[in-house]
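Trainee: Could you take me through one part of this model up close? I'd like the packing of rings and nonpolar side chains.

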Amino acid sequence: MSTRYSHPPDGDQDPANGANGGVLLIDHLEDVAKRTGFVVPDDAQTPDGESLQDVVETLAYVHDFGKATTFFQDYLIESIEPDRKMYRYHAPLGSFAAFYALEAKGYDAETCLAGFVAVAKHHGSVPDVASYVFDRSHRRENVSEQTQTEQSQTAIRLQIKDILDHAPDLASEVFEAATDGHGSWSEFCERYAGNLLEDIESTVTTTETGTFDYESLSESCYALVLECWGSLVLADKTSAAQAGSSDDVSEATYAADSPSLSQLDEHVAEIEAGVTADPNGTRSEQLNHYRSRARRRVLENAASFADNGGGVATLTLPTGMGKTLSGLSAAMEIRDRTGGDRIVYALPFTSIIDQVVDEIEEIYDADTAGRLLTAHHHLSETTIRDEEHPGEDSDQEADDADQNDDVSGMLAESWRAGLTVTTFVQLFESLAGPANTQSMKLPALRDSVVILDEPQSLPLNWWKLVPRLVALLTERYDATVIAMTATQPQLFDETTPFVEDATELVDDPDVYFETTERVTYELDSSTERYIDKQTGPKSYEDAAAELLEAITDGESALAICNTIDSAQTLTERVTGGRSELADVGEAYAAELERCGSVDDVDPEVLANRIMDSGENSILHLSTRLRPIDRLTLIETAKILTEHGHPLVTISTQLVEAGVDISFDRVYRDLAPIDSIVQAAGRCNRSFERDRGIVTVWWLDVPEEQQKTPAEAVYNRGPSLLPVAAETLAEVRADDSPLPETAVARTAVKRYYNRLHQEKNVGKDAYPTYVDDARGDELEALSLIEQRHAIDVVISRTDEDRELIEEVEAAIDRYDFETVNSLMDELRTRQISVPIYQSGSEEERKLANLPTVHRETDIRLLDTSNSQVRNFFDPVTGFVVPDNTVERRFL
């Protein structure tokens with residue numbers, strides 16, 4: 001067979017006709033090369049000042065060159081497996097061709113090295129670069145049995161001979177294009193037979209030990225590999241998905257529709273026109289004045305910051321100062337001044353992404369399926385709708401490692417929209433050891449503005465790695481980074497390696513914190529006991545008594561607990577069989593049963609029914625309640641508190657971020673100071689009174705537990721509680737309440753200083769992995785604590801049951817696209833139960849629940865089934881009967 005394919009012809013078409021019967025290899029290589037010009041900007045450079053666009057274009061011409069062998073073609077067309085699988089593997093030969101082609105064009109040795117790895121792993125992940133390159137190029141003489149590496153080299157020699165015999169003209173054409181005439185196919189054959197392997201090996205060896213040396217790599221090597229690899233993978237996968245259709249590809253294929261700053265300005269102007277702003281007026285009028293002033297100053301400083309070269313900035317504002325809109329405005333100002341196209345807005349939690357997205361959709365009258373806005377996290381349906389070519393895709397595939405026909409999803413997950421709202425997990429794990437598909441978003445980061453909202457929420461182990469990755473973004477991708485929070489964790493100050501002191505975009509943050517003082521902090525005597533350990537923590541009976549006293553006085557109160565067990569125990573103590581408390585969860589369950597659908601439950605009606613009863617009320621919230629139920633319950637609670645109804649809400653930490661609800665009093669179990677400040681954001685949010693009260697206490701050990709919830713959660717790694725408790729004690733001169741600024745500013749700064757200096761938080765090895773290009777070690781890291789969990793869909797209504805039936809029907813007809821769509825819809829009815837001990841009774845009971853469908857491990861709990869009805873409580877949510885100690889954590 002003389003014709004060489006990249007992707008196979010259809011069985012009912014003429015295999016000699018590449019246009020109609022598949023994708024010719026040369027067409028695919030040329031198409032990918034063309035696409036690199038749209039993926040990599042003209043001015044992008046390697047660390048050595050070379051054209052990155054030309055580098056990646058060179059790689060594109062040879063990345064699939066190994067497909068030219070008869071071994072691969074027989075497998076592709078006829079499914080004929082050669083004697084050894086490695087004879088049909090195409091990436092290894094392409095990687096050596098890549099090194100040679102770049103070398104022939106005069107590129108720096110490390111650029112050639114990066115190209116070698118990018119092509120070798122364009123279907124895989126970034127490896128330990130030095131070790132990988134040494135192993136693939138090292139050749140030993142006089143061995144009786146070949147190692148796997150030597151077998152691979154033998155296979156490459158056979159592939160070269162096969163191409164010489166069967167496709168020499170194609171090879172000559174490819175190498176002419178790849179080297180721009182500076183090299184040739186014949187010279188490559190000679191070099192591989194000669195000293196090419198030794199030259200590649202020399203790029204990772206600087207000693208006489210006979211093995212690789214990490215010191216041989218520059219600190220920018222890892223970033224260069226990411227740049228080459230990510231750009232090549234994006235161009236390759238989108239080409240394969242569109243069947244190598246060069247005629248349709250253009251700059252518009254990968255372009256963004258950037259949201260305009262002027263439209264955001266108009267939105268803010270409309271808001272400000274409807275309110276009174278007066279620095280000497282009421283508290284609300286003062287807040288309006290300073291919110292507007294903060295945004296103006298932030299925009300002015302952002303402009304100067306961009307004109308002076310950008311880099312890393314911080315934006316430090318308290319809750320209520322319009323941080324989200326100010327941050328977006330600053331990002332757009334910087335984007336426009338630096339000539340970028342994209343903004344990436346990263347948040348710690350999926351639970352608050354939808355709130356940000358909803359606001360942006362309203363401002364720009366857009367949705368997340370266009371080129372202006374994308375929401376990207378593990379619960380989102382991510383797609384970009386191409387208005388010119390709607391639904392255009394292909395199911396062509398080359399081999400086992402080259403299958404992806406979802407072009408719209410691919411472009412969205414590549415962050416090609418003008419504004420992507422995503423999570424820290426998606427952002428930082430795409431820079432630290434990304435999976436193959438994650439690499440496709442890396443090109444979009446070039447010249448972008450990245451907003452880090454609430455960076456203090458990043459895991460402590462990553463606190464040394466994140467500044468290193470931010471430096472990679474600013475130095476190699478020419479990105480700008482804005483760290484935005486009320487409690488800056490000092491990740492980017494003068495003491496931080498890798499990043500020079502960040503520029504603060506707020507002139508004088510203290511002014512805004514003083515202006516927005518809503519609360520005072522009280523330290524319960526139990527926090528002092530935590531420090532001296534002379535007596536025990538606060539009992540649940542005493543805590544319940546305080547909460548009941550608050551609502552008896554006509555106030556609303558929120559108690560935030562550190563674990564589910566703690567929240568359940570406190571709820572039990574507050575209710576204590578009291579019939580005079582109306583339970584919001586029970587009222588919601590009755591209304592849900594009456595309506596038959598969550599969408600038909602009106603929070604206003606529910607709240608009015610509770611208020612009409614004349615009884616004080618209680619609400620329990622935790623992650624054991626379905627997300628769709630929690631939203632309605634929180635909205636109901638918001639209406640109750642706005643009407644001054646006495647309500648006590650007992651919750652886990654889920655209410656600390658992005659929940660717009662205000663209580664007269666907030667009680668927080670002992671936690672890191674940033675969490676305490678976050679909790680205070682749920683108190684007196686709209687200045688309903690002169691000052692709300694935030695009480696910090698240390699709650700006792702729930703039944704069946706061995707540690708207090710605070711110690712179980714926050715002292716598992718670095719012991720954070722002693723630092724938090726001692727810092728709070730230091731800033732309180734006497735037993736009087738603490739002003740808000742004393743905690744939100746003074747205590748926060750001291751707390752983070754002590755974490756950095758005394759606890760030395762952050763793993764020292766992590767940034768070293770970047771310096772040494774240890775892709776394997778970085779890939780093993782995760783922002784999410786890896787813990788075995790069992791996911792359960794809870795079906796409470798006929799509507800839910802109909803969804804389950806639709807899933808089963810779609811499975812029966814093998815309509816997996818519909819299955820995936822329906823499962824996305826069911827995520828709002830899904831909870832996750834952590835399993836702390838393999839083989840436990842709890843795991844066994846959960847495993848005995850049926851699955852949602854036969855192709856998933858997600859369990860199903862139908863509350864109408866009498867056999868499993870005791871797995872669910874309408875107030876506290878999912879529960880395993882006769883729970884063990886394992887239920888204790890969130």
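Mentor: Sure, here is a walk from one helix out to the rings and the cores. This is a predicted model, so to speak of local features we need pLDDT of at least 70, and side-chain atom pairs count only at pLDDT 80 or more, while totals for chains, interfaces and linings use all residues. Residues are numbered from 1 along each chain as its sequence is written, and side-chain values use heavy atoms, with hydrogens and water left out.

Start with helix α4, residues 91-104 (helices are DSSP runs of H or I, at least four residues, numbered from the N terminus). Of its 14 residues, 11 are buried, meaning under 20% relative accessible area with a 1.4 Å probe, protein chains only. Among them are Phe-96, Phe-99 and Tyr-100. After α4 comes Gly-106, with a positive phi near 85°.

Phe-96 and Tyr-100 also belong to a cluster linked by ring pairs, together with Phe-65, Phe-116, Phe-175, Trp-185, Phe-188 and Tyr-192. Rings of Phe, Tyr and Trp (its six-membered ring) pair if their centres lie within 6.5 Å.

Phe-188 turns up again in the largest nonpolar core, which has 181 residues; Phe-188, Phe-428, Leu-445, Leu-452, Trp-462 and Phe-492 touch the most other members. Such a core is a set of buried Ala, Val, Leu, Ile, Met, Phe, Trp, Tyr and Cys residues joined through side-chain atoms within 4.5 Å. Helix α11 (residues 221-241) gives the most to this core, 13 residues. Apart from it lies another core of 45 residues, including Leu-261 and Val-268.

How values were computed. Phe/Tyr/Trp six-rings, centres within 6.5 Å; stacked < 30°, edge-to-face > 60°. Buried < 20%, exposed > 50% of the residue type's maximum accessible area, 1.4 Å probe, protein only. Helix = DSSP H or I, 4+ residues; strand = E, 2+ residues; numbered from the N terminus. Expected span 1.5 Å × (residues − 1).
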